[in-house]
Amino acid sequence: MRLAWVCAVKDLRRLRRDPAQLLVWIGIPAFVALLMMLLFGRGEVTPKGLLLVADEDESLVSSLLSGAFGQGPLGGMLTVERVALAGGRERIGRGQGSALLHIPKGFGAAVLAGTPTQLKLVTNPAQRILPEIVTETVSILTEAAFYAQVLAGDQLRGFTRGGAPSDLEVAESAVAFNRLGRAVGGYLDPPRIELVTEVVETGGVDTGRLPAAFLRSMLFMAILFLGMGFSTEIWKEKRQGALVRYLSTPAPVRSFVAGRILAMTLVLAAVAVSGLSAGALVLQVSAARLLVAFLFLTISGVGIYMLFQVAVMFAPTERAAAVLANLLMFPLAMTGGSFFPFELMPDWMASLGRLTPNGWSLTQLGVLLEGRPGPLDVVLVFGGAITFVALMSWLAVGRLRRGFVQ
Amino acid sequence: MIEVRKLVKTFGDLAAVNDASFNVRPGEIFGLLGPNGAGKTTTINCISGLLAPSGGSVRVMGHDVRGDGRAARSSLGVVPQELALYEDLSARENLDYWGGVQGMRNPKLRTRIDEVLSLAGLEERAREPVKRFSGGMKRRLNFVCGILHRPRVLLLDEPTAGVDPQSRAYLLDLVRQEARGGASVLYTSHYLQEAEDLCDRLAIIDHGRIIAQGTLAELRAILGERDLLRFQGVFSAEAVYEALRAEEGIEIAEISETLLVLALPEASRRLPAVFAALSAAGAEVRGTSLIQPSLESLFIKLTGRELRE
């Protein structure tokens, strides 16, 4: 371990001597992520959603209900668009909209008569925050409508008969509301308006999850750049004759490889801490999850680096190694969700991308951060990453012992 | 102590080292001389454990480099032919790394680093990146990286190649100091004069084979007190042999259609007679050189070519 530390210190000193290179490896992904965020316009803090309303009742009550969504702070977050039911369902199915509120014919009459009735809300599963807001709002409004009917049904029915109410009717209604308000206490029945919610399958993009997805992609792009850049350094060591001298010392080859892993672990840990700290605001997850994510990000990052390390050590020349590292880097970044998040990819491409080492790691990181993984899942994910690192290390040691230096 | 016995190293059909045997004793500087591709570096790589021998045995301080490689390497200090330094690190950082790799620890390591920096004359620039150093400074640092841990066996593969005369003299002094301290030094070089001055014993290697070894006096005895006459031109081997048969004490060391090398005593005095004989043999002489008895002339006699060819 001491020898590995000696080797790691050497690698860290070399990195420190060339901070511009380190900055490029980390800066490019950050820049690309920023461009992508601007390009896709997902960086806004306040979400803006579209509520489709299919009002088949077209009564005063239904108008009041749908109009409530355009009032106050909700008005800044939601645009309400009236649609036909079939058209609304089709648009929600395509992911165009946060939710579809279906107000059936006879809804207003049922509310005023105090008979059971039903509202139907169809939400977009690709969005998280806005459909929840709509659901909560509809729940509150349905309860409010029910209690208004119980408390002041006669007055309300009077308003719906047509024509403007007289001053006397308004005064009588006010008095009646006041009396009823004091009298009802705990005698109210449960609401008789039932809200049925439905979540439909869509191919749409989860705009709420995109900042988190971009963050994960950016982190893995940084890992890919770091892995690519740091792995080719071994060719410089070979060119400078340092490997020849190292192999003539009593220090084991595995200490040299362990030193590189240790150095990279520390660099990746710094990147992971920075990235996840910045992302903690976006992700809004617990400290325990962040810690697990940090550990996984670091270990899987080392695995990706070691993949590059082994690949470049099998290249015949330093130039070929650089070409090979680039050939590996860009397809992995493009297909493995590290350039375009999986959320923006066609399903077939995302499925393939998740099979790449960085794609798999990125998916697992998402699960650790935002999913509900069980203890066994966590153990398996970490076990997979550690096994991969061990396998790559074994190959690197073997290659250093036989063929690479000589 | 280095013991090389019937060492063979092959690459496919090519035998880079073929049946080489020699010893290097403690406190001795042993020179391994040969032209490019003769097998010097391959021999050193086999001793340092970088290459696995195809046959024979190599022992360092009694440890077989194959069976007990780690113990063998723990006694070794290697100064490779090419610089083996991290140019982006400072001299002190390089020494700190190589000392650490050799198992040295602070504060002993720090003290020793100060000593070797002083030996190499690099104290003033110890914190500068090596890439800013001159070639001679890099060579000196390269050398002290190899002796930092006070190795009992030192392998020096052309450590003065491309070095200015001042730095070369400085490095040779360092080599002598190590030998005086009891180290067994195996030294390869292109510079025959340097080897003559420095080495206690020498071996001449060509095409992977050791063709002569001994002290300088023993090697000179092989040549006798004869000079070498080297002719370039057009020669018929049969006619030349016939013409020179009558000349007493002349040995044909090497002959081809374009080259003739003769070993003979008092060559300058006998030059007119040799020219006359060659002329009678129909030879067309375009160039001549006279080489006095030396390691150079011995090398030419043994290999038929100059060391730098």
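A residue is called buried if 20 or more other C-beta atoms lie within 10 Å of its own, exposed if 12 or fewer, and partly exposed in between, with C-beta atoms placed from the backbone. The model is predicted, so that local features need pLDDT of at least 70 and side-chain atom pairs count only at pLDDT 80 or more, while totals for chains, interfaces and linings use all residues. Residues are numbered from 1 along each chain as its sequence is written, and chains are lettered from A in the order in which they are written.

**View 1. Helix 4 of chain B and its buried side.** Helix 4 (residues 108-119), a DSSP run of H or I with at least four residues, numbered from the N terminus, has 12 residues in chain B and reaches 17 Å from its first C-alpha to its last. Its buried residues are Ile113(B), Val116(B) and Leu117(B). Because they cover an arc of only 105° around the axis, taken from the directions from the helix axis to the C-beta atoms, they lie on the same side of helix 4 of chain B. The face turned away from this buried side carries the exposed residues Lys108(B), Thr111(B) and Ser118(B).

**View 2. Contacts between chains A and B.** Counting two residues as in contact if their C-beta atoms, placed from the backbone, lie within 7 Å, 19 residues of chain A are in contact with 25 residues of chain B. Helix 1 of chain A gives the largest share of the chain A side, six residues.

**View 3. Surroundings of Tyr187(B).** Not counting residues up to four places away in sequence, Tyr187(B) touches eight residues, among them Ile29(B), Phe30(B), Leu156(B) and Cys199(B).

How values were computed. Helix = DSSP H or I, 4+ residues; strand = E, 2+ residues; numbered from the N terminus. Expected span 1.5 Å × (residues − 1).
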